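Visitor: Could you walk me through this one while I have it open? I'd like to begin with a strand and then move on to the empty space.

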Amino acid sequence: NSADFTVVGVLPDPPPLFVFGCTLRAALQEANFAPGADAIIVPAGSFAVALAVTAVDDAGGDLDITDGVAITGAGSASTILDASALPAGQPAPTITDPAPALGDPVGLLLTGGTIADAPAEGLFSQTTTHFELEDVVIHGSGTYGIRKNGVGLDPIADSRIAESTSAGLFSVWGDLEITNSVIEDNGGGGILNLRGALAVTDSTI
């Protein structure tokens, strides 16, 4: 059954679930475990993720999303995911489908937040996954702002991707729909689109 989680306060990033309250990592661990689409509410504040990579994939390193989830912040100017202290080579969130043969892609709906200074991608969407972004800022990524490997249609609205070392958006597969957004000041250009349709409306690149 689906479940709802609320991140409580600006807490550290401990590996045990709920030891110091509900951290963002703990909420994602629980959402990954609970079947069905879950919801996570993140209040205003700066939330740091910094744990080293561990043998248990979702207990350290990047924030792993392996089941459908909607994450809602207080707005891109208010809710900040600070990924600057993640280990080298780690993206911030990574969307992964652990059972692609079942034909039910893992999805992320992210609304009202900023992903800042990830060592690698600000958001990495692997094959057979999808995402939807609204009022999201991704800036300062060490490689791409977003790397999209998912084969579906992924919409981005009212968002900004900026100051990545490489392209702001690298799309390997699938279609993109970008509306009322800004992609700027990225070291490798705005968008690198290898396959799939790209629709851009009322946006600046």
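**A strand, a serine and some empty space**

Guide: In this predicted model, strand β12 (residues 153–157) has a covered face made up of Asp154 and Ile156, while Leu153, Pro155 and Ala157 form its uncovered face.

Visitor: Which strand pairs with β12 over two bridges, and in which sense?

Guide: That is strand β10 (residues 129–139), and the pairing runs in the parallel sense. Within β12, Ile156 is the bridge partner of Leu133, and Ile156 also belongs to the covered face.

Visitor: And how many bridges link β12 to β15?

Guide: There are five, with β12 and strand β15 (residues 175–179) again pairing in the parallel sense. In β15, the residue opposite Ala157 is Thr179, and Ala157 sits on the uncovered face of β12.

Visitor: Switching topic, where is Ser76?

Guide: Ser76 lies in the loop between β5 (69–72) and β6 (79–82).

Visitor: Is Ser76 buried or exposed?

Guide: Ser76 counts as buried, because its relative accessibility is 16% and the cut-off for buried is under 20%.

Visitor: What does Ser76 touch?

Guide: Leaving aside residues up to four places away in sequence, Ser76 touches Gly112, Gly113 and Thr114, as well as Asp135, Val136 and Val137. With Asp135 there is also a polar contact of 2.7 Å between the two side chains.

Visitor: Now the empty space: how many cavities of 30 Å³ or more turn up?

Guide: A search of the whole structure finds two, and the largest cavity holds about 210 Å³ of space.

Visitor: Which residues lie nearest the centre of the largest cavity?

Guide: They are Leu24, Ile71, Leu81, Leu110 and Ile115, out of 18 residues that line the largest cavity. At least two lining residues come from each of α1 (24–33), β4 (63–65), β6 and β8 (106–116), and β8 gives the most, with six residues.

Visitor: What is the chemical make-up of that cavity lining?

Guide: The lining of the largest cavity divides into 13 nonpolar residues and five polar ones, with no charged residues.

Visitor: And the largest pocket, what volume does it have?

Guide: The largest pocket has a volume of about 200 Å³, and 14 residues line it, with Asp67, Gly68, Asp104, Pro105 and Val106 nearest its centre. The lining of this pocket comprises seven nonpolar, four polar and three charged residues, whereas the lining of the largest cavity has no charged residues.

Terms used:
Residues are numbered from 1 along each chain as its sequence is written. This is a predicted model: local features need pLDDT of at least 70, side-chain atom pairs count only at pLDDT 80 or more; totals for chains, interfaces and linings use all residues. Side-chain values use heavy atoms; hydrogens and water are left out. Buried means under 20% relative accessible area, exposed over 50%, partly exposed in between (1.4 Å probe, protein chains only). Helices (H or I, at least four residues) and strands (E, at least two) are DSSP runs, numbered from the N terminus. Two strands pair if DSSP finds at least two bridges between them. On a 1 Å grid over the protein atoms alone, a cavity is a set of points where a 1.4 Å probe fits but cannot get out, and a pocket is an open set with protein on both sides within 12 Å along at least five of seven lines; lining residues have an atom within 4 Å of a point. Grid points are joined across faces, edges and corners, and a volume is the space filled by probe spheres set on the points. Ala, Val, Leu, Ile, Met, Phe, Trp, Tyr, Cys and Pro count as nonpolar, Asp, Glu, Lys and Arg as charged, and the others, Gly among them, as polar. A polar contact is a pair of N or O atoms within 3.5 Å; within protein, one must be able to donate a hydrogen and the other to accept it, and residues adjacent in sequence count only if both atoms are side-chain atoms. Contact means heavy atoms within 4.5 Å.
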